[in-house]
Amino acid sequence: MPADAARTGRLGQLLQARQIIVVVGAGGVGKTTLSAALGVAAARQGRRALVLTVDPARRLANALGLRALDEDVQTLSIEQLRNAGCDAATPLDVAMLDVKRTFDRAVRRYASSAERAEAIMASPFYQTASTALAGSQEYMAMMRLYEVVTDGGYDVVILDTPPSAHALDFLDAPRRMIELFDSRSFRLLLRPFSAGGHVASGLFAPSSLMMRGLGRFTSVEAFHDLLGFFASFSETFDGFVDRARDVMALLRGAETSFLVISATDETSRDEGLFLASRLRDEQMEVAGWIVNRCSAADPACGADSAAIAATIAADVPEQSARTAIATAAATMAQLALADRDFATALETAIGGRCWTRRLPRRSDEPADLGELDALASMLLEPTP
Ligand SMILES: Nc1ncnc2c1ncn2[C@@H]1O[C@H](COP(=O)(O)OP(=O)(O)OP(=O)(O)O)[C@@H](O)[C@H]1O
Ligand SMILES: [Mg+2]
């Protein structure tokens, strides 16, 4: 058993106890980075993990062995992880979840020719229909999650999510799909295709969605393809609505926990608090909150940096340089204290509803396996 498994903090316990960990938070707070670090932490614990990541920055994608536009699962072997300094007990799987392109790809697969596919996607109707199908991309992401959780053979799946504007879509996706596929107008729209028979008269009413769309449509054939696509889309996923309900049940179940990430600014804090309360309204468990990129993870750190700076300054002969060092140290200490106060206030706002964890701002962008491993070991440390 790896040494880390013996001294598990709350995050380590979570990785051991849950099958799904969903990482949510405002844009740019470190969701993708920390999802990858959680994967590395799981590998250290000997838990077979899959990280489903959204749109990783290029350097991070390279470090994880991911290629653009590729949804295949990549495996980081124990050897690769160990070469990067990570004391891994199992390999780590990583895959890209490209929610933006999933739908377009499905159109390309369905359309009878590449030209038709382009015509569908270029059409105003497609734009309108995609808005009507808002959340469908997220829905597909949820489908992928469901598949890997039920068939993938993983101990734990870590799901990175888009920035929180879309994270809410993510949450709403299964319900929206249920509503959409249950809605009368959608069934009416698809009826001629799914039945393969005659066209329902309601479709041709001047006010119908179809006719409004058709007015702006350049090619009737492409339009026909589009409706056919939606019909096949709804039929391909048999038990579509049931499956959406299964996904919701999975997210509410004891096997799933959500982790909120924020930085030390009001915007990401407020978005995080909003997300957490929405999740709780949905009876989903918010297990923890990571305050990322703190100037000082340890409250004593601010004072330390001032003391260190004073020691350095004592060795510097020029008075002006000594003053500059002292000023810089004072500013750093102030920032650290401000961050600490912010984190304390945030913990008060969270009010013990979940545990919190502060992570320091790393001087190097955590975009290689070694840096991810450093974050992983901090994540695994028992909370002070
Ligand atoms: N603890 C940290 N120390 C230093 N830099 C960090 C830390 N965590 C994340 N970063 C950096 O912050 C930037 C944003 O991180 P990341 O892409 O993981 O955020 P995100 O929440 O996934 O963003 P988005 O909402 O756009 O998907 C990246 O450059 C990343 O390297
Ligand atoms: Mg991201």
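In this predicted model, the shell around ligand 1 draws most on helix α3, which gives three residues. The shell holds 19 residues in total, of which Gly30, Lys31, Thr32, Thr33 and Arg362 are the closest to the ligand. Besides α3, strand β7 (286-294) is the other element that gives two or more residues to this shell. By residue class, the surroundings of ligand 1 divide into six nonpolar, seven polar and six charged residues.

Helix α3 also has a part in the interior of the protein chain. The largest nonpolar core has 73 residues, and Ala37, Ala41 and Val157 are those that touch the most other members. Helix α3, spanning residues 31-45, supplies the largest share of this core, with eight residues. When residues up to four places away in sequence are left out, Ala41 touches Leu11, Leu15, Ala376, Leu379 and Leu380.

Across the protein chain as a whole, the secondary structure amounts to 18 helices and eight strands, and 40% of the 384 residues count as buried. Of the contacts between residues at least 6 apart in sequence, 77% join residues that are at least 24 apart.

Helix α17 comprises the 32 residues 319-350, and because a helix is expected to span 1.5 Å a residue, its length should come to 46 Å, which agrees with the 46 Å between its end C-alpha atoms. Buried positions in α17 are Ala333, Ala336, Asp339, Arg340, Ala343, Leu346 and Ile350. Just after this helix, Gly351 adopts a positive phi of about 60°.

Definitions and conventions:
Residues are numbered from 1 along each chain as its sequence is written. Chains are lettered from A and ligands numbered from 1 in the order in which they are written. This is a predicted model: local features need pLDDT of at least 70, side-chain atom pairs count only at pLDDT 80 or more; totals for chains, interfaces and linings use all residues. Helices (H or I, at least four residues) and strands (E, at least two) are DSSP runs, numbered from the N terminus. A residue is buried if 20 or more other C-beta atoms lie within 10 Å of its own, exposed if 12 or fewer, and partly exposed in between; C-beta atoms are placed from the backbone. Two residues are in contact if their C-beta atoms, placed from the backbone, lie within 7 Å. A nonpolar core is a set of buried Ala, Val, Leu, Ile, Met, Phe, Trp, Tyr and Cys residues joined through C-beta atoms within 7 Å. The expected span of a helix is 1.5 Å times one less than its number of residues. A residue is near a molecule or strand if its C-beta atom, placed from the backbone, lies within 6 Å of it. Ala, Val, Leu, Ile, Met, Phe, Trp, Tyr, Cys and Pro count as nonpolar, Asp, Glu, Lys and Arg as charged, and the others, Gly among them, as polar.
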